[in-house]
Amino acid sequence: MMNWLISLWKKKDQDSSFLEGENLWDQMTKGCPECGCSPIKLHEGPSGGACINVFCADCGQGYNISPIVQWAQKIRKDTRYIR
Ligand SMILES: [Zn+2]
């Protein structure tokens, strides 16, 4: 009975997280959303498919970015990438 509602919520969750990803990408074009360094200095990490893992050189915050659709999401911090 509630399946249609649950599926709506699921869809909404996906949509909102995708919007967050777009917002995060916008923030990253101005600087690191985590530590605020600007312009952001990034080390490239492992990549797969259309997505690239990059890490901020100042705070080590990792981002999974997809330049083709200009989308980003936060992943783990990795201090090995801090210069
Ligand atoms: Zn940073």
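Which residues make up the largest nonpolar core? Hold that thought while I set the scene.

This is a predicted model, where local features need pLDDT of at least 70, side-chain atom pairs count only at pLDDT 80 or more, and totals for chains, interfaces and linings use all residues. Residues are numbered from 1 along each chain as its sequence is written.

Start with the layout. The protein has one helix and four strands. From the N terminus the order is α-β-β-β-β. Helices here are DSSP runs of H or I with at least four residues, strands are runs of E with at least two, and numbering starts at the N terminus.

Now the sheet. The four strands make an open sheet, order 1-2-3-4, with antiparallel pairing. Pairing takes at least two DSSP bridges between two strands. Strand 1 (42-48) and strand 4 (71-77) are the edges; each has a single partner strand, so one side of each lacks a neighbour in the sheet. In the middle, strand 2 (residues 51-56) and strand 3 (residues 61-66) run antiparallel, joined by four bridges. N53 sits opposite N64 in strand 3.

Back to the core. It has eleven residues: M28, C32, I40, L42, V54, F55, C56, Y63, I65, A72 and Y81. Core members are buried Ala, Val, Leu, Ile, Met, Phe, Trp, Tyr or Cys, joined through C-beta atoms within 7 Å. Buried means 20 or more other C-beta atoms within 10 Å of a residue's own, with C-beta atoms placed from the backbone. Strand 2 gives the most to this core, three residues.

Last number: buried residues are 17% of the 83 in the protein.

Conventions
Buried ≥ 20, exposed ≤ 12 C-beta atoms within 10 Å, placed from the backbone.
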